Amino acid sequence: MADPFGFLKYQRQDNPFRPVDQRINDWRELQEPLLEAQRRDQAARCMNCGIPFCHSGTFYGSQSVASGCPNDNLIPEWNDLLFQGRFKAAFERLAKTNPLPEMTGRVCPAPCEKGCTESLNGDGVTIHDNERFIIDKAFEEGWVKASGLPASKTKFKIAIVGSGPAGLSAAWRLNQLGHNVTVYERSDRFGGLLMYGIPNMKLEKDIVIRRVKLMQELGITFVVNTEIGVDITAAQLEKDFDRIILATGASVPRDLNVAGRQFQGIQFAVDYLTEATKDVLKHGKAANSKKLAGKHVVVIGGGDTGNDCIGAAIRQGAASVKQLEITPALPAQRTATNPWPEYPLTGKIGYGQEEAVQRFGEAITTYSTATTGFIGAERGQVIGVETVAIDQNFQPISETNQVIRADLVLLAMGFLGAEQSLFEQFGISEIYDDYTTNNERILVAGDAKRGPSLVIWAIREGRKTAEKVDEALRALVYQ
């Protein structure tokens with residue numbers, strides 16, 4: 001398996017980030033890929049461990065986050081092929097399980113690397129970056145289209161509602177299996193979270209558009225600006241299609257019900273990021289438009305979306321950015337109660353936080369802090385955020401109240417789940433573990449089924465749901 005001594009010969013080397021003072025001036029991609037020879041050296045670090053934890057997503061202990069790849073990617077195998085320079089074979093092995101590796105190779109937090117055996121006493125293998133190299137090479141060489149061609153066609157028609165990672169994954173797999181697929185998207189562009197929930201510097205929209213165009217070339221039909229129940233009825237879909245997959249994501253954001261919530265300038269993070277991406281798509285990747293010049297921004301929420309909001313606000317010229325996180329700061333290293341191969345519950349500095357330190361000269365994140373209200377001006381515009389420090393039981397600590405100046409407040413506190421109205425239109429009251437529902441012709445995949453989760457989980461569920469549909473439809477042929 002690769003070079004059995006590679007992990008001793010070569011130090012881990014990630015794709016380097018562009019210097020902060022350069023990247024905050026545009027919306028171009030954050031990282032610059034390593035050279036081919038360097039990437040092969042990194043693949044050589046995948047040792048012949050015998051029991052690879054990396055390619056099996058497992059919830060160890062009481063963890064709610066999987067360690068290892070939930071999508072069962074054949075990581076040691078394509079690492080070996082990458083090390084050998086057999087790039088096409090590496091792509092073919094990667095594509096057996098992952099229909100969208102150009103997405104996960106850029107935005108996945110890589111639980112596979114956390115479960116890597118080499119990370120027990122070392123730094124782990126750069127699986128995430130290796131995956132990106134393989135798929136980028138495949139697109140350069142023109143190998144990807146052939147991997148999506150069906151061996152034969154059926155007469156079955158499947159509708160997919162939602163074009164995020166679960167919807168695209170399901171569409172790709174169903175097309176591979178020979179079925180006729182139509183994807184409905186209520187937004188003005190395809191990609192769902194990949195298009196509008198992740199900013200351009202983390203996932204360039206050219207990458208998403210390229211995949212959708214390829215899928216169209218392969219015969220998949222995409223219908224934009226179409227909402228079920230508004231532009232087409234659920235009944236019509238059931239009449240026109242043999243099966244329907246709902247892959248609409250967990251799109252209901254968590255709100256903050258405190259005094260002053262009605263003031264203007266308080267916005268959900270996903271809406272702000274959508275507007276930012278639309279600006280980039282319209283005006284290009286050069287950050288010439290300083291929409292937030294002179295504005296003071298407060299981001300409430302400490303996850304990846306909050307970090308994306310920080311990076312976007314800096315690129316839009318914000319005069320200051322502050323981040324409030326209700327939970328305590330995580331430890332720098334694993335604790336005794338969080339051993340490998342559990343997912344490490346450790347702190348990290350996000351790219352946006354790093355940019356903020358350089359831009360403003362200080363750390364901007366305040367932990368163990370709750371928002372108690374908003375202050376508004378006479379015309380209803382937010383001008384401040386009221387906060388209080390909290391203890392380990394999330395109770396307020398006396399005499400710690402503060403007011404933070406704010407012209408824009410972004411709520412980045414995660415999502416509650418899927419919109420229920422769509423389920424109601426199809427009469428869905430039960431969603432089962434195998435993606436089926438109480439309506440035998442309707443299946444549910446991705447975050448719409450499991451709640452807010454990772455892109456890799458959505459890809460897995462899209463693929464598995466497609467295979468479940470294929471199994472049911474082919475059984476009809478032999479009845």
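Asn-225 sits in the loop that runs between strand β3 (221–223) and helix α13 (234–240). Its phi is positive, about 55°, although the residue is not a glycine. How buried or exposed is Asn-225? With a relative accessible area of 46%, Asn-225 counts as partly exposed, because that class covers values between 20% and 50%. Keep in mind that what you're looking at is a predicted model.

Ala-110 is another residue with a positive phi that isn't a glycine, and here the angle is near 60°. You'll find Ala-110 in the loop between helices α6 (101–107) and α7 (111–114). Its relative accessibility is 4%, so Ala-110 is buried, the cut-off for that being under 20%.

Here are the two loop residues side by side:

| Residue | Phi | Loop between | Relative accessible area |
|---|---|---|---|
| Asn-225 | about 55° | β3 (221–223) and α13 (234–240) | 46%, partly exposed |
| Ala-110 | near 60° | α6 (101–107) and α7 (111–114) | 4%, buried |

Now for a backbone detail of another kind. Which peptide bond is cis? Look at the one going from Trp-340 to Pro-341, where omega is near 5°. Pro-341 belongs to a loop too, this time between strand β8 (320–324) and helix α16 (351–360).

For a spot inside a helix, try Gln-176, which is part of helix α10 (residues 165–176). The side chain of Gln-176 makes a polar contact of 3.1 Å with the side chain of Arg-173. Leaving aside residues up to four places away in sequence, Gln-176 also touches Ser-147, Gly-148, Leu-149, Pro-150 and Ala-151.

Time to zoom out. The protein chain contains 19 helices and 15 strands. Its radius of gyration is 23 Å, close to the 23 Å the globule rule gives for 479 residues, so the chain is as compact as a globular protein of that length. Along the principal axes, the C-alpha trace spans about 70 × 60 × 45 Å.

What about the inside of the chain? Of the 479 residues, 53% are buried. Among contacts with a separation of 6 or more, 71% link residues that are 24 or more positions apart.

As for the outside, the protein chain exposes about 21400 Å², and 49% of that comes from carbon and sulfur atoms. How many charged side chains of each sign are there? The chain has 53 positive and 58 negative ones, and the centres of these two sets lie 5 Å apart.

Definitions and conventions: Residues numbered from 1 in each chain as written. Predicted model: local features only at pLDDT ≥ 70, side-chain atom pairs only at ≥ 80, totals over all residues. Heavy atoms only, no water. Helix = DSSP H or I, 4+ residues; strand = E, 2+ residues; numbered from the N terminus. Rg over C-alpha atoms; globule rule 2.2 N^0.38 Å. Buried < 20%, exposed > 50% of the residue type's maximum accessible area, 1.4 Å probe, protein only. Contact = heavy atoms within 4.5 Å. Areas by Shrake-Rupley, 256 points an atom, 1.4 Å probe, with all protein chains shown as cover. Lys, Arg positive; Asp, Glu negative; His and termini not counted. Charge placed at Lys NZ, Arg CZ, Asp CG, Glu CD. Polar contact = N/O pair within 3.5 Å; in protein donor to acceptor, adjacent residues only side chain to side chain.
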